[in-house]
Amino acid sequence: TGAASKIGIAGSGGAGGYCEKLYMAADLSATETVTVGSPGTGGASGGNAGTAGGNSTFKGMTAYGGALGSAGAHNLDARAKLGGDGGTATGGDINISGEAALVGYRDSGTVGYSGRGGRSVLGKPAAQVDAQAPGDSGTGYGQGARGAFTTYTADAGANGGSGITIITEYKSV
């Protein structure tokens, strides 16, 4: 536990990208390689950085994971930006970038806001809070986690939501 006179703000994570594509059956092999992006992980206690979200890939499409927020820092200047950028997407018929995380900042003393994790197409963000609170994990696929706004340095960061790959087979009639 850190000194109560210090405020720590850890950056929120950006959301992962989303892509979608329609393939003809003739374009697919009997087996295809699929990679599902791993969730970004929160940093260990004491202001350590976490990891960015992993990339999801399938047959020429890539939905890039969201960027991690900055590691926790103390006694920040007002409105210090710490949030991660959203991941992009390429190769799909539809490509949608994940939302960047909202900024966490300190007004003065112990007054401020945590950031909010970026929103993804398939995720619901952890809410931004205007009181001291630990980080909160992203709920939903590709969702960024909320960064902490706290007087403690021993809090570990929260994890983002994992990636997803959805493959639907259609048969012609």
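**Salt bridges, aromatic pairing and core of a predicted all-strand chain**

The side chains of R116 and E99 meet in a salt bridge, with 3.0 Å from N to O; such a bridge is a side-chain nitrogen of Lys or Arg within 4 Å of a carboxyl oxygen of Asp or Glu. R116 belongs to the loop between β10 (111–113) and β11 (123–124), and E99 to the loop between β8 (94–96) and β9 (105–108), so the pair ties together parts that are 17 residues apart in sequence. The strands named here are DSSP runs (E, at least two residues; helices are H or I runs of at least four), numbered from the N terminus. The model is predicted: local features need pLDDT of at least 70 and side-chain atom pairs count only at pLDDT 80 or more, whereas totals for chains, interfaces and linings use all residues. Residues are numbered from 1 along each chain as its sequence is written, and side-chain values use heavy atoms, with hydrogens and water left out.

The two partners can also be described by their accessibility, for which buried means under 20% relative accessible area, exposed over 50%, and partly exposed in between (1.4 Å probe, protein chains only). R116 is buried because its relative accessible area is 11%, while E99, at 22%, counts as partly exposed. The bridge is also part of a wider arrangement, since E99, R116 and R119 are linked in a network of salt bridges.

In total, the structure holds 4 salt bridges. Side chains of opposite charge can pair when their charged atoms come close. Another bridge joins K59 and E32, whose closest N and O atoms are 3.7 Å apart. K59 lies in the loop between β4 and β5 (61–63) and E32 in the loop between β2 and β3, so this pair ties together parts that are 27 residues apart in sequence. Both partners are partly exposed: K59 has a relative accessibility of 34%, and E32 one of 29%.

A further bridge connects R146 with D136, with 3.9 Å between the closest N and O atoms. This pair links distant parts of the chain, with R146 in the loop between β12 (139–140) and β13 and D136 in the loop between β11 and β12, 10 residues apart. R146 counts as buried because its relative accessibility is 8%. D136, by contrast, is partly exposed at 34%.

A search of the whole structure finds 1 aromatic pair. Y23 and F58 form this pair, which is edge-to-face, with 5.7 Å centre to centre and 85° between the planes. Rings of Phe, Tyr and Trp (its six-membered ring) pair if their centres lie within 6.5 Å; planes under 30 degrees apart count as stacked, over 60 as edge-to-face and the rest as tilted. Y23 lies in the loop between β2 (18–20) and β3 (34–35), and F58 in strand β4 (residues 56–58), so that the pair links parts of the chain 35 residues apart. Y23 is buried at a relative accessible area of 17%, and F58 is likewise buried at 9%.

Both aromatic residues belong to the largest nonpolar core, which has 6 residues: C19, Y23, F58, M61, A63 and A89. A core of this kind is a set of buried Ala, Val, Leu, Ile, Met, Phe, Trp, Tyr and Cys residues joined through side-chain atoms within 4.5 Å. In soluble globular proteins, nonpolar side chains tend to be buried together. Not counting residues up to four places away in sequence, F58 touches Y23, L28, E32, T33, V34, T165 and I167, where contact means heavy atoms within 4.5 Å.

Strand β4 also contains S56, which counts as buried at 11% relative accessibility. The side chain of S56 reaches the backbone nitrogen of G37 at 2.8 Å. Leaving aside neighbours within four places in sequence, the contacts of S56 include T35, V36, M61, A63, G163 and T165.

Y170, in the segment after β13 (149–150), counts as exposed because its relative accessibility is 65%. The C-alpha atoms of Y170 and A25 are separated by 8.3 Å, although the two residues are 145 residues apart along the chain.

Over the whole chain, there are 0 helices and 13 strands. Of its 173 residues, 35% count as buried. Among contacts between residues at least 6 apart in sequence, 58% join residues at least 24 apart.

Note on methods. Polar contact = N/O pair within 3.5 Å; in protein donor to acceptor, adjacent residues only side chain to side chain.
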